[in-house]
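Please look over the structure shown below before reading the report. The text goes through its sheet, its helices and a number of side-chain pairs.

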Amino acid sequence: MISEQHVVIVGGSSGIGLSTARLLLGQGYKVTITGRSASRLASARDTLSGDIHTLAMNAAQSSGLPEAFAHIGSFSHLVLALGSSRGAGPFASVSLEEVRAGFEEKVYAHFAAAQAALPFLAPNGSLTFISAVTAHAAMPGTAGIAAANAAVTALVPVLAAELQPMRVNAVSPGVTDTPWWDFLSEEDRASVFADYASKTPVGRIGTADDIAQAVVFLIANTFITGQTVVCDGGLRLKG
């Protein structure tokens, strides 16, 4: 029964993670969201209804992860919605330091969180990573973040084979309206979104709910494993 299934969303206080929590709660799942900021978690919780729990934890600090998951206890599904904007920029000028920071925030955090969660994650449950379309599309200026997202995507088939019968999948979002873009001014963000919308076959950028629907699908469908769902509105198809 869905009501007996517990989903933990690391990075669940905003954006895709928060939208995923809302959809799951609406379907009767028990959900725990984690994030670095206790105040942001409290604000997120106020927007949700259902069997919702919160836990402050920093996925980038691997030493504290085993204790955090032990506090949560046994659960059915893990969603790793961790992002990073570090490492973007032209290949000729992006610093290795920035690329390394991107790997720390994206690849190593996903790896460490998944590893620490294993003793508590149901063997017949699921693990869902959030990568990004940069891992699949040739987008100039994204070499650093593309490498990080590709590394996350590469984990999926390996872990699906190694951790079976647990199902391991990923979602690679395209350009999506989430707080990830808050480094831009409102005007610049609107301009970037309009540009990407014009390049996308569906004629718009994504919403957090678009991506959350793909995540919930992978959690619920017990016949899918080792797959990365690219949810980008077809952006990667455009030259």
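## Sheet and helices

Helix H7 (residues 208–220) lies across five strands: S1, S4, strand S5 (121–130), strand S6 (167–173) and S9. Its direction is at about 170° to S6. The model is a predicted one.

The strands just named belong to an open sheet of 7 strands, in the order S3-S2-S1-S4-S5-S6-S9, with parallel pairing. Strand S3 (52–56) and strand S9 (228–231) are the edge strands, and each pairs on one side only. On average, neighbouring strands of this sheet are turned by 20° against each other, with direction ignored. Strands of a sheet pair through backbone hydrogen bonds, and the pairing can be parallel or antiparallel.

Another helix, H2 (residues 38–46), lies across strand S2 (30–35) and S3. Helix H2 runs at about 170° to S3.

## Strand S1

Which strands pair with S1? One partner is S2, which runs parallel to S1 and is joined to it by 5 bridges. Another is strand S4 (residues 75–80), which pairs with strand S1 (residues 6–10) in the parallel sense over 4 bridges. Val 10 takes part on both sides: its bridge partner in S2 is Thr 34, and its bridge partner in S4 is Leu 80.

How many residues of S1 are buried? The count is 5 of the 5, so S1 is largely enclosed by the rest of the structure. Both faces of the strand are covered. His 6, Val 8 and Val 10 are buried on one side, and Val 7 and Ile 9 are buried on the other.

## Loops beside the sheet

The loop between helix H5 (143–162) and S6 holds Pro 165. The peptide bond leading from Gln 164 to Pro 165 is cis, with omega near 10°. Most peptide bonds are trans.

Phe 223 is in the loop between H7 and S9. Is Phe 223 buried or exposed? Its relative accessibility is 80%, so Phe 223 counts as exposed, the cut-off being over 50%. Along the chain, Phe 223 and Arg 167 are 56 residues apart, while their C-alpha atoms are separated by 8.5 Å.

## Aromatic rings

The model has 2 aromatic pairs. In the pair formed by Phe 69 and Phe 75, the ring centres are 6.1 Å apart and the planes are at 20°, so the pair is stacked. The cut-off for stacking is an angle under 30 degrees. Phe 69 and Phe 75 are both buried.

A ring can also have a charged side chain over its face. Here Lys 199 lies over the face of Tyr 196, at 5.6 Å from the ring centre.

## Salt bridges

Side chains of opposite charge can pair when their charged atoms come close. The count of salt bridges in the model is 5. The table gives some of them, with the distance between the N and O atoms.

| Basic residue | Acidic residue | N to O distance |
|---|---|---|
| Lys 199 | Asp 195 | 3.1 Å |
| Arg 204 | Asp 210 | 2.8 Å |
| Arg 236 | Asp 232 | 2.8 Å |

Lys 199, which lies over the ring of Tyr 196, thus also appears in the table as the partner of Asp 195. Lys 199 and Asp 195 both lie in helix H6 (residues 186–199). They are 4 residues apart, about one turn of the helix. Lys 199 is partly exposed, with a relative accessible area of 39%, and Asp 195 is partly exposed as well, at 35%.

In the pair of Arg 204 and Asp 210, how accessible is each residue? Arg 204 has a relative accessibility of 41% and counts as partly exposed. Asp 210 has a relative accessible area of 19% and is buried, because the cut-off for that word is under 20%.

The pair of Arg 236 and Asp 232 also joins a partly exposed residue to a buried one. Arg 236 is partly exposed, with a relative accessible area of 35%. Asp 232 counts as buried, at 7% relative accessibility.

Elsewhere, salt bridges that share partners join Arg 86, Glu 98 and Glu 105 into one network.

Notes: Residues numbered from 1 in each chain as written. Predicted model: local features only at pLDDT ≥ 70, side-chain atom pairs only at ≥ 80, totals over all residues. Heavy atoms only, no water. Phe/Tyr/Trp six-rings, centres within 6.5 Å; stacked < 30°, edge-to-face > 60°. Buried < 20%, exposed > 50% of the residue type's maximum accessible area, 1.4 Å probe, protein only. Lys NZ or Arg CZ within 6 Å of the ring centre and 35° of its normal. Salt bridge = Lys/Arg side-chain N within 4 Å of Asp/Glu carboxyl O. Helix = DSSP H or I, 4+ residues; strand = E, 2+ residues; numbered from the N terminus. Pairing = 2+ DSSP bridges. Axes fitted to C-alpha atoms, helices over the stretch in contact; angles between N-to-C directions. Contact = heavy atoms within 4.5 Å.
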